[in-house]
Amino acid sequence: MCRAIVCVLFFFKFIGLATFSVITINRKKKHQKRTLYFVSTKLGTCYNVSIACLIIASNYFTIPVIYYEEYLNKTIVTTAIEIAEGILGSVITFIIVLWYCVNQSIFVKFGNSMVEILEELYRLREPVNRKRIVFILLSIYLFELLIFLALVISDYVAFYSQPISWIGTIVPMGLVSWVFIQYYSVLIVLHSMYANLNKIIQNIYVYRTGDANCLHRCRRVFINSTGIQSLLNLRCIHALLCDISAQVSQFYSLPILLGTFLLFISLLYNVYYFFEPFMVDNVIMKTSIVLNTVVWVIFLLYPLGLLTTRVTKLENEIERTGGIVHALLNYAIDREARTELKLFSLQLLHRQIKFTAIGYFVLDNTLFQSVLSTMTTYLVILIQFQMGGPEPIDCNCNHTCNCNEH
């Protein structure tokens with residue numbers, strides 16, 4: 001897993017989404033494996049600042065190319081949206097790249113805390129299935145790269161677009177997509193930690209019987225001193241997980257907010273461009289353009305769907321911890337165990353974890369639904385605006401009439 005993390009981190013550093021580095025520490029004890037440690041680097045900060053300057057300077061070349069680029073069914077509305085999307089994309093990319101520079105200490109902090117919890121879960125004999133996580137993430141990364149490659153090829157085939165125009169259209173949205181996927185990568189590890197923590201809490205009352213459903217059949221459960229000490233340790237781990245979750249949400253809040261806005265604009269433009277020819281008579285949409293639009297929609301919705309689904313699953317797993325603790329509290333008979341469980345329950349009551357975009361909206365499945373519904377509303381408005389425009393005058397030169405009369 002260490003090699004996979006290093007390779008992925010190198011890719012994220014190349015695109016400006018990782019100003020930090022990792023070092024490998026070999027443990028002296030035999031039962032402890034080598035582990036990773038996140039560190040801040042000034043070189044990564046300088047690299048991101050250079051990328052940010054190049055992004056702003058690229059507008060001098062990309063905006064004129066986007067404005068004068070000729071393509072089928074080009075209108076004033078599509079041109080205005082493309083230019084606005086290009087400027088907005090460069091500004092958002094500039095902010096995101098610098099955001100990683102300013103807040104790299106936050107990522108280093110919660111990254112090292114996650115490594116610490118992974119080691120603690122391994123010590124408690126409930127390790128995270130790292131191979132499964134690596135396989136899932138590599139599959140997601142490869143599919144994202146394939147979609148990006150298909151988008152570039154289809155865009156060239158459909159519009160014969162120049163590579164410099166991709167810097168203002170495809171590249172910013174590609175960077176935003178990888179921000180979503182990186183956020184998903186952190187959340188899938190967090191989800192595994194919460195799930196394993198819940199398993200350990202359940203094992204406190206099933207380790208003697210080996211029956212996972214014993215809590216539902218037994219009216220009373222006795223927890224010995226070892227189990228009470230385990231509860232105290234698990235409560236500390238859960239508190240650390242809550243702190244990590246809050247730090248993760250804080251780190252990705254602004255990039256996700258800006259990225260969602262850019263994703264919405266790009267999605268609205270591509271869907272509008274697809275439906276716009278149907279409002280004009282005797283216009284046939286080329287197959288290459290249809291395929292390009294389909295690839296664009298998949299490219300935009302894929303990272304958003306991944307993130308919102310993972311956030312929903314993670315929030316459900318966090319809420320499941322409270323149900324397990326309260327059920328165990330109802331069946332515990334010894335005083336010390338009940339006192340510890342009440343403290344755990346009180347901690348759960350005061351630590352409500354929500355992953356939001358600076359508090360504007362929650363990043364669960366309701367966001368995906370809201371993006372689609374809002375996009376549909378604005379699409380109808382744009383279509384009505386297009387249909388309500390002045391129709392061209394049909395002048396037949398074979399008739400002796402003055403078209404400028406009246």
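On the surface of this predicted model, Leu149, Ile153, Tyr156, Val157 and Tyr160 together make a nonpolar patch of about 550 Å². One member of this group, Leu149, has its place in helix H5, an element that runs from residue 130 to residue 159 and that will come up again when we turn to the empty spaces inside the protein.

How can such spaces be found at all? Rolling a probe the size of a water molecule over the atoms shows where empty space is left. In this structure the search gives one cavity of 30 Å³ or more, and the volume of the largest cavity is about 270 Å³. Its lining is made by 17 residues, and those closest to the centre are Glu82, Asp155, Phe159, Tyr269 and Trp296. Several helices share in this lining, since H3 (76-102), H5 (130-159), H6 (163-206), H8 (225-275) and H9 (287-331) each supply at least two residues, while H8, with four residues, gives the most. Sorted by class, the lining of the largest cavity contains six nonpolar, seven polar and four charged residues.

A useful contrast is offered by the second largest pocket, which has a volume of about 550 Å³. Among the 22 residues that line this pocket, Phe14, Ile15, Val171, Pro172 and Leu175 are the closest to its centre. Helix H1 (2-14) and helix H2 (42-68) each give two or more residues to the lining, as do H3, H5 and H6. Which classes of residue make up the lining of the second largest pocket? Here 15 residues are nonpolar and seven are polar, and no charged residue takes part, whereas the lining of the largest cavity includes four charged residues.

Let us now follow a single helix from end to end. Helix H4 covers residues 104-123, 20 residues in total, and from its first C-alpha to its last it reaches 29 Å, which is close to the 28 Å expected at 1.5 Å a residue. After H4 comes Arg125, a residue whose phi is positive, near 60°.

Helix H4 also shows how charges can meet along a helix. Side chains of opposite charge can pair when their charged atoms come close. The structure holds five salt bridges, and one of them joins Glu120 to Arg123, with the closest N and O atoms 2.4 Å apart. Both residues lie in H4, three residues apart, or about one turn of the helix. An α-helix has 3.6 residues a turn, so residues three or four places apart point the same way.

Notes:
Residues numbered from 1 in each chain as written. Predicted model: local features only at pLDDT ≥ 70, side-chain atom pairs only at ≥ 80, totals over all residues. Heavy atoms only, no water. 1 Å grid on protein atoms, 1.4 Å probe; cavity = no way out; pocket = protein on both sides within 12 Å on 5 of 7 lines; lining within 4 Å. Points joined across faces, edges and corners; volume = space filled by probe spheres on them. Nonpolar A, V, L, I, M, F, W, Y, C, P; charged D, E, K, R; others polar. Expected span 1.5 Å × (residues − 1). Patch = residues over 30% accessible without salt bridge, like charges linked within 9 Å, V, L, I, M, F, W, Y side chains within 5 Å. Areas by Shrake-Rupley, 256 points an atom, 1.4 Å probe, with all protein chains shown as cover. Salt bridge = Lys/Arg side-chain N within 4 Å of Asp/Glu carboxyl O.
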